[in-house]
Amino acid sequence: MAVEDGVPEGQNEGVAPEPRRCRALNQDGTPCRASPQWLGDSGLCLAHDPDREAERQHARTLGGLRTGARRRKGLNPSDLPPLRTPQDAKAWAARIATAVATGELSGQQGRVSLAAVKLWLEAHDAEEVAERLARVEAQVKGRRRVPQ
Ligand SMILES: [Zn+2]
């Protein structure tokens, strides 16, 4: 497969037919020339076809999802206190919010982590309420035993 006269195969315009390209112009007036895989029936690429807004929206959403899903290392265990008190949970929430805002964690990682902290808080509160109730019940029973 020798390349003669310095023209690589397939780029000899006299022989190979020009592949279909987007016929729109870019903002600077140069032809778009997006490759055929991006062209719709209109002969315009995804970016230039006014009828493909929904498709563009999907492409943007997909791009956002891919970016968001890109695996990030996450926080170091030393960044977070052991989760024992509601104050710890507050510190976790603040640390996670900062991490998401600065790109240290993805939105998805942040949502999952915050949901877990919320669940922990709810479980903690429920446990506390149960303990209080048990104490109150014990007090009430104690009083009843006192002869009047
Ligand atoms: Zn185009």
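# Asking how the labels were earned

Me: Arg56 sits in helix H1. Why is Arg56 called exposed?

Reply: In this predicted model, Arg56 has 12 other C-beta atoms within 10 Å, and a residue counts as exposed when that number is 12 or fewer, so Arg56 meets the cut-off and takes the label. Its C-alpha atom is 6.6 Å from that of Leu46, a residue ten positions away in sequence.

Me: What makes Arg33 partly exposed?

Reply: Arg33, which belongs to the segment before H1, has 13 other C-beta atoms within 10 Å; since exposed stops at 12 and buried begins at 20, a count of 13 falls in between, and Arg33 is therefore partly exposed. The backbone of Arg33 also has a positive phi of about 60°, although Arg33 is not a glycine.

Me: Why is Pro81 called partly exposed?

Reply: Pro81, in the loop between H1 and H2, has 13 other C-beta atoms within 10 Å, and because that lies between the limit of 12 for exposed and the limit of 20 for buried, Pro81 is partly exposed. Setting aside neighbours within four places in sequence, the contacts of Pro81 are Asp88 and Ala91. Between Pro81 and Trp92, which stand eleven residues apart along the chain, the C-alpha separation is 7.5 Å.

Me: How do you know that the length of H2 agrees with its number of residues?

Reply: H2 has 16 residues, which at 1.5 Å a residue should span 22 Å, the expected span being taken over one less than the number of residues; the C-alpha atoms at its two ends are 22 Å apart, so the two values agree.

Me: Which residues of H2 are buried, and how do you know that they are on the same side of H2?

Reply: Trp92, Ile96 and Ala99 are buried in H2. They cover an arc of only 60° around the axis, so they lie on the same side of H2. The face turned away from that buried side carries the exposed residues Gln87, Lys90, Ala94 and Ala101, and just after H2 comes Gly103, with a positive phi of about 85°.

Me: What makes up the largest nonpolar core?

Reply: The largest nonpolar core consists of five residues, namely Trp92, Ile96, Ala99, Leu105 and Val117. Helix H2, residues 86-101, supplies three residues, the largest share of this core. To belong, a residue must be buried, nonpolar and joined to the set through C-beta atoms within 7 Å. In soluble globular proteins, nonpolar side chains tend to be buried together. Among the core residues, Ile96 is in contact with Leu105, Gly110, Ser113 and Leu114, leaving aside its neighbours within four places in sequence.

Me: What is the order of elements in the protein, and how many of its residues count as buried?

Reply: The protein has three helices and zero strands, and from the N terminus its elements follow the order α-α-α. Of its 148 residues, 7% count as buried, while residues 24 or more positions apart account for 32% of the contacts with a separation of 6 or more.

Me: Where is confidence lowest, and where is it highest?

Reply: Confidence is lowest in helix H1, residues 53-69, at a mean pLDDT of 81, and highest in H2, at 95. For the protein as a whole the mean pLDDT is 84, with 82% of the residues at 70 or more.

Notes:
Residues are numbered from 1 along each chain as its sequence is written. This is a predicted model: local features need pLDDT of at least 70, side-chain atom pairs count only at pLDDT 80 or more; totals for chains, interfaces and linings use all residues. Helices (H or I, at least four residues) and strands (E, at least two) are DSSP runs, numbered from the N terminus. Two residues are in contact if their C-beta atoms, placed from the backbone, lie within 7 Å. pLDDT is the predictor's confidence in each residue, from 0 to 100. The arc is that of the directions from the helix axis to the C-beta atoms.
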